[in-house]
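The following questions and answers work through one protein model. Each answer ends on the item asked for.

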Amino acid sequence: MLSVWLVCVGKLKEKFYKDACGEYMKRLSSCCKLTVAEIPEVKLSRDPTLGEIANALAKEGEAIRAKIPSGSRVAALCVEGRLCSSEELAQMLPALGNSPDKHMVFIIGGSYGLHPSVKAEADIQLSMSPMTFPHHLARVMLLEQVYRAFQINGGSRYHK
């Protein structure tokens with residue numbers, strides 16, 4: 001069974017995000033082995049300098065790298081990434097089913113995004129939209145899209 005990892009900066013606090021994520025995590029339990037790893041967001045001052053932000057992203061990047069299983073295929077979510085349809089995402093998953101590592105890792109950064117080195121080291125950079133979304137909502141959206149990808153591959157009517 002394919003192992004899907006979400007490595008996320010920041011902890012979900014709002015009940016509505018937790019509930020939505022919980023629903024898709026429950027649905028995904030029959031499709032894959034899902035692991036969600038939360039990395040604490042580095043605390044910044046109220047009006048951080050660019051240097052403070054860069055240092056925070058570097059620290060978060062180190063913590064992200066420590067959570068990625070070796071041999072994984074890694075997708076970093078970032079605004080400058082490639083736009084991908086649900087069908088294209090679905091095509092990525094079965095290809096991994098034949099690989100010995102069988103890990104697909106999606107990385108979601110915090111409110112300031114991801115360190116450039118994390119994006120550069122990823123196998124693919126994906127964008128959900130040219131619009132900006134809260135990173136907690138991005139987690140819900142990504143879980144839904146991963147669930148949708150499995151449903152597409154299974155021929156379900158979920159994806160119309």
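Q: In which helix does Ser86 lie?
A: The model is a predicted one. Helix 3 spans residues 86–97. Ser86 lies in helix 3.

Q: Is Ser86 buried or exposed?
A: The cut-off for buried is under 20% relative accessible area. Ser86 has 14% relative accessibility, so Ser86 counts as buried.

Q: Which residues does Ser86 touch, not counting those up to four places away in sequence?
A: Helix 5 covers residues 135–153. Among the residues touched by Ser86 are Gln145, Arg148 and Ile152. With the remaining name added, the list is Gln145, Arg148, Ile152 and His159.

Q: What is the strand order of the open sheet?
A: The sheet has five strands, and the pairing is parallel. On average, neighbouring strands are turned by 30° against each other, direction ignored. The order is 2-1-4-3-5.

Q: Which strands stand at the edges of the sheet?
A: An edge strand here has a single partner strand, so one side of it is left without a neighbour in the sheet. This applies to strand 2 (33–39) and strand 5.

Q: Which residue in strand 4 stands opposite Cys8?
A: Strand 1 (3–9) and strand 4 (103–108) both supply residues to the largest nonpolar core. These two strands run parallel and are joined by six bridges. Opposite Cys8, in strand 4, stands Ile108.

Q: Which element supplies the largest share of the largest nonpolar core?
A: This core has 31 residues, and Val4, Leu6, Leu28, Phe106 and Phe150 have the most contacts inside it. Elements that each supply at least two residues include helix 1 (15–28), strand 3 (73–83) and strand 5 (124–127). The largest share is eight residues, and it comes from helix 5.

Q: How many residues are in the second, separate core?
A: Its members include Val9, Ile39, Ile64 and Val105. The number of residues in this second core is 13.

Q: Why are the buried residues of helix 2 on the same side?
A: Helix 2 covers residues 50–67 and reaches 26 Å from its first C-alpha to its last. Its buried residues are Ile53, Ala56, Leu57, Glu60, Gly61 and Ile64, and on the other side Lys59, Glu62 and Ala66 are exposed. The buried residues are on the same side because the arc they cover around the axis is only 145°.

Q: Against which elements do the buried residues of helix 2 pack?
A: One of these buried residues is Ile64, which is also in the second core. The elements packed against are strand 1, strand 2, strand 4 and helix 4 (116–121).

Key:
Residues numbered from 1 in each chain as written. Predicted model: local features only at pLDDT ≥ 70, side-chain atom pairs only at ≥ 80, totals over all residues. Heavy atoms only, no water. Core = buried A, V, L, I, M, F, W, Y, C linked by side-chain atoms within 4.5 Å. Buried < 20%, exposed > 50% of the residue type's maximum accessible area, 1.4 Å probe, protein only. Helix = DSSP H or I, 4+ residues; strand = E, 2+ residues; numbered from the N terminus. Pairing = 2+ DSSP bridges. Axes fitted to C-alpha atoms, helices over the stretch in contact; angles between N-to-C directions. Contact = heavy atoms within 4.5 Å. Expected span 1.5 Å × (residues − 1). Arc of directions from axis to C-beta.
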